[in-house]
Amino acid sequence: MQAKHVWRKLSLTSLIITLLGLWGGWYLTTQSEPATMELPNAYLNANLVSLYLQPAVLILIYNQILTFRKINLLVGVRQWTNKMIARLLILATLDCLLFCAGLIIPYLMTDFPFFRNGSPLLGTALLLLHVAVLILMAWLLVGAYQMRYPQLLLFIVIIIDLVYHFYFEKQALILYSPLYDPLYRAVHRIYGGY
């Protein structure tokens, strides 16, 4: 495996991850209802990011890690395994940050408010927690570099992503604003893009 070929593949994958984030951000800002548009609703409440885009990003990161798995024996002989794992962690972190930046950039180009329905402090904390969980899941995927059955790890990470989104994140959004509680909306007859 030539180093030039590996770097070309890594660059292409990082570009695809960034473009996926940009497309997701553009789609969310153009397709969401303007009356309910805010960062937590667009990126945390909407299922597009957690259900489709993030698993795609995690699969691309997993593919990058498996690229280096082919030279695992050569790295181990030179006793560079810890260095390789550290570099894979950095690569996974950068890919996640590129994806998240791609998601946010289209929103910054609109005049929608960042936090309309709740506390900006809590909304920012929820967004940062979402990014931190994504990075943590990408770090878990680095374990595929040395695992015997790495497909199982990918499956577990995607399940964690879905459980986090549908259970923890949806409950945390109710703390941010009661408008994210379906029962509250039903009692107050609030309908729309929540």
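**Second largest pocket and aromatic pairs**

User: How many residues of the lining of the second largest pocket are nonpolar, polar and charged?
Analyst: This is a predicted model, in which local features need pLDDT of at least 70 and side-chain atom pairs pLDDT 80 or more, while totals for chains, interfaces and linings use all residues. Residues are numbered from 1 along each chain, and side-chain values use heavy atoms, without hydrogens or water. A pocket is an open set of 1 Å grid points with protein on both sides within 12 Å along at least five of seven lines, probed at 1.4 Å, and its lining has an atom within 4 Å of a point. With Ala, Val, Leu, Ile, Met, Phe, Trp, Tyr, Cys and Pro as nonpolar and Asp, Glu, Lys and Arg as charged, the lining holds 13 nonpolar, two polar and no charged residues.

User: Which helix gives the largest share of the lining of the second largest pocket?
Analyst: At least two lining residues come from each of α2 (39-45), α5 (81-108) and α6 (120-141), helices being DSSP runs of at least four residues. The largest share is five residues, and their source is α6.

User: Which residues does Tyr43 touch?
Analyst: Tyr43 is buried, with a relative accessible area of 4% (buried is under 20%, exposed over 50%, partly exposed in between). Contact means heavy atoms within 4.5 Å. Leaving out residues up to four places away in sequence, Tyr43 touches Gly25, Leu28, Thr29, Val49, Leu103, Ile104, Tyr107 and Leu127.

User: How many aromatic pairs are there, and how far apart in sequence are the parts that Tyr43 and Tyr107 tie together?
Analyst: With ring centres within 6.5 Å as the rule (planes under 30 degrees apart stacked, over 60 edge-to-face, the rest tilted), the count is six aromatic pairs. Tyr43 and Tyr107 form an edge-to-face pair, 6.0 Å centre to centre with 65 degrees between the planes. Tyr43 lies in helix α2 and Tyr107 in helix α5, so the pair ties together parts whose separation in sequence is 64 residues.

User: Is Tyr107 buried or exposed?
Analyst: Tyr107 forms one aromatic cluster with Tyr43, Phe112 and Phe114. The relative accessible area of Tyr107 is 1%, so Tyr107 is buried.

User: How far apart in space are Met147 and Arg69, C-alpha to C-alpha?
Analyst: Met147 is found in the loop between α6 and α7 (150-176) and is partly exposed, with a relative accessible area of 29%. Met147 touches Arg69 and Leu153, not counting residues up to four places away in sequence. Met147 and Arg69 are 78 residues apart in sequence, and their C-alpha distance in space is 9.5 Å.

How values were computed
Buried means under 20% relative accessible area, exposed over 50%, partly exposed in between (1.4 Å probe, protein chains only).
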